[in-house]
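This report introduces a structure to a reader who has not met it before. It takes up the sheet, and then the helices.

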Amino acid sequence: MTLIAQTSYKRIPTLIGDIVWSHPKGSNIPVPTSLGDIDAYLNELPFKPTEYFQKVYIIKPNLAIGMAGTAGEMEDFLKEFRQQCRFHDNITFETLIGIIDDYDKEKFTNSTLIASLFLKTTDGFEEKTVFYPKHKWITGEYGIFDNVIACGSGKEDFCFQTTQIGSFEITGHEDYLSQAIVSNICILAQFLAAEMSTLHSLKSYWGTGFEMIYFNGECFQKQDKLTFVIFSAQFDDVGNMELLHPRLVLHSQYYQDLLLYSSIKIYNFQEGQDTTYLTFSADQHGHFNDLYIVPPLDLIQEVTEIPADLSFEARKVACGFAIITPDNGVFTPGIFPGNDDIVVKYEENTAVCITIRKELIAKVSRDFKHAFLSSIKDT
């Protein structure tokens, strides 16, 4: 009922977790990626979205974990794991294995965990990973990644998506660390575009939003202030992309230990352009913003303190595209361009404006046309 995954690109690990919790008695809470009323759809599901919580955590600068399963089991484990790790200034791999092995597994029968540990060596760093129980995880080399480890109801979809290397790009990012971050962000953009257009992942009870922990060369760090813009478009019979327009902006930021996740749904917009940029803007009557407060499992008490103003200007923006094909299929590529190629400005309760470089749209159209026509040829 979740997705927890760790990818390794050029031996640089990235840990990903979704944020939704499902239950047979779910209350049909709002879903960040849905554009309309989906209560009737959710009522047909055996498990329904019921809450939003974090599932991946930085325990120490060089230690991060992810968990899936039963909330109560995961909360108890997280509390004890944090406490055990506080006793050690420097955790070795043997220490990590010992802490996990010593935990009462009868309290963790319906859950899984993964732990990633970085250790300093004379040549730099060495990464060690442990995941439990092993039979609930799939692992292997997928797509551009040296290794992928995944569990939960979204694991097969995630591993498959990593093999779709033709539908996202990591050019323009020369170092391995940047490439590792960009490749994972593009995959998440693809998932969010697919979910907005098909709700596919909700059928398997995972998705709606993601957290990402990456190693920055010195320590683990959560990806903060990341914005996704999900566009709708169509392919004509010869693969030209047309009717492009933004439908959804998803913006995440951390406030203390809380993840604040904004879902801005665009219903009516005005389009403008100059010689360099396309601009899509929606006033207070043309968009709607839902804020989702996503706490850690060990901070479940009622949250009352959040920033008074959630306005933002984002230049670190990934794009997902839900492109309808002539046979009513959906093509969902993703990109993460450089700064200033796309800018999102949001003024709370007032307006949202998306500015995107025209050259980028032209390149995207050419690249996606090639990928689309190649996919037709392959079939």
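## The open sheet

In this predicted model, an open sheet is formed by 4 strands, which follow one another in the order β5-β6-β7-β8 and pair in an antiparallel manner. At the edges of the sheet lie β5, which covers residues 56–60, and β8, which covers residues 124–132, and each of these edge strands pairs on one side only. From one strand to the next, the twist averages 20°.

Strand β6 (residues 63–68) and strand β7 (residues 112–121) run antiparallel and are joined by 6 bridges. Within this part of the sheet, Ala68 stands opposite Thr112, a residue in β7.

## A helix on the sheet

Helix α2 packs on the sheet, where it touches β5, β6 and β7, and the direction of α2 makes about 165° with that of β6.

## The packing of two helices

In general, a pair of packed helices is described by the angle between their axes together with the distance between those axes. Helix α2, which spans residues 71–86, packs with helix α3, which spans residues 93–102, at an angle of about 145°, and the two axes are 11 Å apart. The crossing in which α2 passes α3 is right-handed.

On the side of α2, the contact is made by Phe81, Gln84 and Cys85, while α3 contributes Leu96, Ile99 and Ile100. Sorted by class, the residues in this contact of α2 with α3 comprise 5 that are nonpolar and 1 that is polar, with no charged residues.

Note on methods:
Residues numbered from 1 in each chain as written. Predicted model: local features only at pLDDT ≥ 70, side-chain atom pairs only at ≥ 80, totals over all residues. Heavy atoms only, no water. Axes fitted to C-alpha atoms, helices over the stretch in contact; angles between N-to-C directions. Helix = DSSP H or I, 4+ residues; strand = E, 2+ residues; numbered from the N terminus. Left-handed = near helix turned anticlockwise from the far one by under 90°. Contact = heavy atoms within 4.5 Å. Nonpolar A, V, L, I, M, F, W, Y, C, P; charged D, E, K, R; others polar. Pairing = 2+ DSSP bridges.
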